[in-house]
Amino acid sequence: MTQTASPQAGVRAIEEGVRTDFRGAMSYGRYLDLDAILHAQHPQSSPEHHDELLFIVQHQTSELWLKLVLHELLEARRLLDANDLGKALKCLARVKAIQRTLTEQWSVLGTLTPREYAQFRGALGSSSGFQSYQYRAIEFVLGNKHSRMLEVFSSEPEAHALLAAILGEPTVYDAFLRLVARAGYAVPEDILTRDVTQPWTFREDLVPVFQRIYEEDETPWGLYEACEDLVDLEDNFQAWRFRHLRTVQRTIGFKRGTGGSSGVDFLKRALDLTFFPELYAVRTAIGS
């Protein structure tokens with residue numbers, strides 16, 4: 001009589017049918033290209049400082065999330081152009097969830113003390129988050145366009161090409177306003193035909209359009225929801241900027257940034273930037 005070996009005490013048996021041989025087959029590591037990802041961290045300090053890996057992983061992870069944010073915003077814009085508001089709002093919902101993750105990530109970097117960072121900061125050279133082309137692309141697609149920013153990426157052809165393309169394209173807000181106009185609301189014609197290479201600036205004559213959307217019972221729910229989603233998106237962006245500022249301040253105080261910026265003062269000025277000013281201004285008008 002053949003006896004089946006009993007499982008070793010405390011050892012969880014592999015279920016029957018679970019694949020263990022991946023020769024010539026797609027595996028988890030191959031699908032995610034983990035060899036490339038997990039070997040993409042190259043500390044520059046010498047001797048290598050223990051905490052530099054944290055700094056690199058934090059920023060690489062952020063860049064991966066920014067890649068997905070840009071992917072979703074571009075798709076949201078396409079869907080708005082196609083009058084598919086429901087699916088566009090799904091994209092914005094995903095962006096908002098990513099934003100919350102990005103903001104919470106600052107708490108991980110906040111475990112880096114000033115002394116620890118000072119011991120490898122020199123290895124960064126002139127590199128800086130200011131040079132993140134994906135972050136800049138997101139700002140462009142949301143309306144904060146600045147043609148001179150392309151100069152920062154003159155030595156990076158792919159990044160320069162991406163930013164130049166997005167600079168010349170409508171923003172998510174442009175696409176939304178065009179959808180609002182197609183829905184029968186009186187969006188001023190010069191807004192619909194504006195030079196989209198220019199940054200968005202506040203338009204007082206757009207406030208009554210949003211006031212009608214907010215105040216009328218007949219407003220299609222999707223339009224109302226889209227307005228609130230855009231406000232959420234901007235609020236989340238500002239929360240991220242503020243956490244960035246506070247993390248920098250607790251780590252380097254008021255030193256200049258490695259990329260040449262004024263550091264904390266530069267980040268403070270970014271808090272004054274706004275993507276959808278009319279959606280905030282309408283709150284004063286509602287009920288007046």
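Here are some exercises with worked solutions on the predicted model shown above.

**Exercise 1. Describe the overall fold and dimensions of the protein.**

Start with secondary structure. The protein contains 13 helices and zero strands. Reading along the sequence therefore gives α-α-α-α-α-α-α-α-α-α-α-α-α, with helices numbered from the N terminus.

Next, look at the dimensions. The C-alpha trace spans about 85 × 60 × 40 Å along its principal axes. For 288 residues, a compact globule would have a radius of gyration near 19 Å, but the value for this protein is 24 Å.

Then turn to surface and contacts. About 16,800 Å² of the protein is accessible surface, and 55% of that belongs to carbon and sulfur atoms. Buried residues account for 40% of the 288 residues. Of the contacts between residues at least 6 apart in sequence, 70% join residues at least 24 apart.

**Exercise 2. Find the largest nonpolar core and look at the surroundings of one of its residues.**

A reminder helps to set the scene: in soluble globular proteins, nonpolar side chains tend to be buried together.

Step one is the core itself. The largest nonpolar core has 71 residues, and those with the most contacts inside it are Leu73, Leu142, Tyr173, Phe176, Leu206, Phe210 and Leu279. Helix H11, residues 221–252, gives the most to this core, with 11 residues.

Step two is to pick Tyr173 from that list. Leaving aside residues up to four places away in sequence, tyrosine 173 touches Trp200, Leu206, Phe210, Leu230, Phe275, Phe276, Glu278 and Leu279.

**Exercise 3. Locate a nonpolar patch on the surface and classify tyrosine 28.**

First, the patch: Met26, Tyr28, Tyr31 and Leu32 make a nonpolar surface patch of about 540 Å².

Second, place one member. Tyrosine 28 sits in helix H1, which covers residues 28–32.

Third, classify it. The relative accessible area of tyrosine 28 is 64%, so the residue is exposed, given that exposed means over 50%.

**Exercise 4. Examine the backbone at aspartate 33, asparagine 83 and proline 47.**

Begin with aspartate 33. Its phi is near 55°, a positive value in a residue other than glycine. Aspartate 33 belongs to the loop between H1 and H2. With 44% relative accessibility, aspartate 33 is partly exposed.

Move on to asparagine 83. Here phi is near 65°, again a positive value in a residue other than glycine. Asparagine 83 is in the loop between H3 and helix H4 (85–109), and its relative accessible area of 47% makes it partly exposed.

Finish with proline 47. The peptide bond that leads from serine 46 to proline 47 is cis, with omega near 0°. Proline 47 lies in the loop between helix H2 (34–38) and helix H3 (52–81).

**Exercise 5. Work out which parts of the chain are tied together by the salt bridges of arginine 203 and arginine 283.**

For context, a search of the whole structure finds 14 salt bridges.

Take arginine 203 to begin with. Its side chain meets that of aspartate 190 in a salt bridge, at 2.9 Å from N to O. Arginine 203 lies in the loop between helix H9 (189–192) and helix H10 (207–215), while aspartate 190 is in helix H9, so the pair ties together parts that are 13 residues apart in sequence. Aspartate 190 is partly exposed, at 43% relative accessibility.

Now take arginine 283. Its side chain forms a salt bridge with glutamate 228, at 2.5 Å from N to O. Because arginine 283 is in helix H13 (residues 277–285) and glutamate 228 is in helix H11, this pair ties together parts that are 55 residues apart in sequence. Arginine 283 has 35% relative accessibility and counts as partly exposed; glutamate 228, at 26%, is also partly exposed.

To round off, note a network: salt bridges that share partners join Lys96, Asp229 and Asp232.

**Exercise 6. Trace a link between glycine 86 and alanine 226.**

Place glycine 86 to start: it lies in helix H4. With a relative accessible area of 53%, glycine 86 is exposed.

Now compare sequence with space. Glycine 86 and alanine 226 are 140 residues apart along the chain, and their C-alpha atoms are separated by 9.2 Å.

Definitions and conventions: Residues numbered from 1 in each chain as written. Predicted model: local features only at pLDDT ≥ 70, side-chain atom pairs only at ≥ 80, totals over all residues. Heavy atoms only, no water. Patch = residues over 30% accessible without salt bridge, like charges linked within 9 Å, V, L, I, M, F, W, Y side chains within 5 Å. Areas by Shrake-Rupley, 256 points an atom, 1.4 Å probe, with all protein chains shown as cover. Salt bridge = Lys/Arg side-chain N within 4 Å of Asp/Glu carboxyl O. Helix = DSSP H or I, 4+ residues; strand = E, 2+ residues; numbered from the N terminus. Buried < 20%, exposed > 50% of the residue type's maximum accessible area, 1.4 Å probe, protein only. Core = buried A, V, L, I, M, F, W, Y, C linked by side-chain atoms within 4.5 Å. Contact = heavy atoms within 4.5 Å. Rg over C-alpha atoms; globule rule 2.2 N^0.38 Å.
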